[in-house]
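Trainee: Could you take me through one part of this model closely? I would like to look at the sheet in chain A, and then at whatever else helps me read the model.

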Amino acid sequence: MGILQTLAREFAPDPAAPLADLRARAFAHARQRGVPTPRDEAWKYTDLQGHLEGDYLVNAGPKRGAPSAVPLLDATPYRLVFIDDTLAPDLAAPALPPGVRLRTLAAVLAEDPASLRALMARHAGEDANFFTALNMACARVGVVIELAAGCQLTTPLLIAFLHTGEAEQHFSAPLVIVNAGPNSQLTLIELHHGDAAATNLSTPLTDLTAGAGSIIEHYRLQLEGAGAVHIGSVQATIERDARVGSHSFAFGSKLARVEICAKLAAPGAAVVLNGLFSVGAGQHIDHQTRIDHQAPHTTSVELYKGLAAGDGRGVFRGQVIVQPHAQKISARQASHNLLLSPFAEIDTKPELEIYADDVTCAHGATVGQLDDAALFYLCSRGIPAAEAHALLTFGFTQEVVEQVSFEPLRRLLAARLTGSADIPLPERIEPAS
Amino acid sequence: MLSIQNLHVEIDGKPILRGLNLEVGAGEVHAIMGPNGSGKSTLAHVLAGKPGYLVTAGTVTFKGQDLLALAPEERAGEGVFLAFQYPVEIPGVNNVYMLKAALNGIRRYRGLPEIDAVEFLARVKAKTAALGLKEGLLSRPVNQGFSGGEKKRNEIFQMSVLEPALAVLDETDSGLDIDALRIVAEGVNQLRDAARSFVVVTHYQRLLDYIVPDVVHVLAHGQIIKTGSRELALELEARGYDWLLQAVA
């Protein structure tokens, strides 16, 4: 039994249900595409064989367990929490400021399904990949966030998808939709968290539209359980003079993959892709990023750092596409990786496709090990070897971590990376405006 | 305090130290001088426990303990400090945080509680001022973007915060202008007391004008070939090393 068979059995769209036609089409598209294999260039380093074989529960209904300690809940006054695909009203946020409209996907499906048609058609279109099509066919859980023109919400809004070990093997397809109106501003934290015993399969999709002059800071934190499979996607469209900061931090699950695509659709659009993954024994984490410079005078800055210990495996593929008329763009990409064990592996692959001739592009990729001279230096000062390792590893990730403006999140990352919460955080670098 | 007997050390099969003997008593300052390639830095590295050196014979006893059996951090715990000739840059690790981790590592090794944050900061501030270090350097990553002189001052700053029992200074004077040299020497002199010992490795006698040694040794071909008082250093300054090397050969 695998996910497709399970879904084929369970997936019987009610013709009277909203969007049934699009759902059916999306599902047919997913089936026709089939589960990707390493023969597919985009899946060269990530083999799903054997990872989607569970007898998954689909839309299991309102049965939820009690999650263990979940980070950031206490630090974010504005939040919406789903536990095992069920809304947890007791953990919900107080009212948001005027100009911010937050609705659950269920509410939108019930009240205003037509508003989702264009988005669904886009993500389940002819060139849609298997997992986005699957999400479009199945998504019942999620949120729709809309910001009115000029509305600024700089206190982070947390959207959390929590998975407990009590639930049976769950399949979930969360959907997060953000529409930031002109000159609005939003800081969003998307948390995927699983208890140690959780064995869920999660295929979240996040769709960000940054209207002209708007700013979206999107923090994606993947802390799924050790038995989970997580295959997510972030699709951002960035309009004139708008800016999106995408920060992806991936630590959990046995197999995880995140695809982050940013379309710089109009002049002045800018994106910062900032990422950090850490894999340990038995883990595989893959990041695929794609920056599409569709318009002149657009800017992208990308920095990904990877850590691999044990027999962990990390993958980074960074595509940058500069369309023929997209002159005067600037694209910088860096992927730096650290192997902490002789059995670990990280594959990094920059791919630049540049069809314009008046552009500034730079890229660099490295895979290295901890510096023995630095280790000796720290130990000679009295720092035990294990702590010196942790300190150097933390130092390696600093460039990424210090770009996080929300201090509780920076602390969480520092604590995860060093095993200690007592780290003086460097002064934050203000993003260039 | 420190007793080195018949020390033989190889790197990659190549003998560097060949039967070195050295006795350093509590409160003494010993200068190790010698031409390039004589084994001065090897001696400093072996005392601190740098990997890559093979001790093929001999013993190093520190405060009655077999120093060679200890890991570098344990040696620091016992009170050994090496001021590096080439201090290492450590991106992303805050200078003061590193120092606090070091001090607490040493304190844990000695069974002491971690240092109080206020007390630590007060100590750091006092030492910073004494060494004329810009406070801005404290919160920067370790040695990153420091000038050569700032790196050396940072070594002496770390030493003065960690207060070792035995400080080994490996060519701390190299690359310093005369003002920086004076500041570094002053930092060392402030720490001199009846219980603390120094091994000052240097190519030039200039440093010894400011850090006045009790004993001067000449190291050549992996052995101490001559030991004398401060006047020996002055003689070396005037006459160079060749006369000594010829006399031994």
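Mentor: Here is the sheet of chain A, followed by confidence, the contact between the chains and two backbone details. Keep in mind that this is a predicted model.

Start with the sheet. Ten strands of chain A form an open sheet with mixed pairing. The order across it is β3-β2-β6-β9-β12-β14-β16-β18-β20-β22. Its edge strands are β3 (86-87) and β22 (360-369) of chain A, and each of them pairs on one side only.

Next, what covers it? Helix α7 (residues 385-401) of chain A packs on the sheet. The strands that α7 touches are β16 (270-279), β18 (299-308) and β20 (330-339) of chain A. The direction of α7 makes about 160° with that of β18(A).

Now zoom in on one strand pair. Strands β9 (residues 185-194) and β12 (residues 215-223) of chain A run parallel. Nine bridges join β9 to β12. Pick out A:H193: its bridge partner in β12(A) is A:L223.

How far can you trust chain A? Its pLDDT averages 90, and 93% of the residues score at least 70. One stretch needs care. Over residues 426-433 of chain A the pLDDT is below 50. That stretch has nine contacts in the model beyond near neighbours in sequence. Where pLDDT is low, predicted coordinates should not be read in detail.

Turn to the contact between the chains. Chain A gives 24 residues to it, and chain B gives 27 residues. On the side of chain B, the elements giving two or more residues are α2 (72-78), β7 (90-94), α3 (95-109) and α5 (148-162). The largest share there, eight residues, comes from α3(B). By type, the chain B side divides into 20 nonpolar, five polar and two charged residues.

Last, two backbone details in chain B. B:N6 is not a glycine, yet its phi is positive, about 50°. B:N6 is found in strand β1 (residues 2-11) of chain B. There are 13 other C-beta atoms within 10 Å of B:N6, so this residue is partly exposed.

B:H221 also has a positive phi, near 50°, in a residue other than glycine. B:H221 lies in the loop between β11 (215-220) and β12 (223-228) of chain B. B:H221 counts as partly exposed because it has 18 C-beta neighbours inside 10 Å; a buried residue would need 20 or more.

Technical notes: Residues numbered from 1 in each chain as written. Chains lettered and ligands numbered in written order. Predicted model: local features only at pLDDT ≥ 70, side-chain atom pairs only at ≥ 80, totals over all residues. Contact = placed C-beta atoms within 7 Å. Helix = DSSP H or I, 4+ residues; strand = E, 2+ residues; numbered from the N terminus. Nonpolar A, V, L, I, M, F, W, Y, C, P; charged D, E, K, R; others polar. Pairing = 2+ DSSP bridges. Axes fitted to C-alpha atoms, helices over the stretch in contact; angles between N-to-C directions. pLDDT = per-residue confidence, 0-100. Buried ≥ 20, exposed ≤ 12 C-beta atoms within 10 Å, placed from the backbone.
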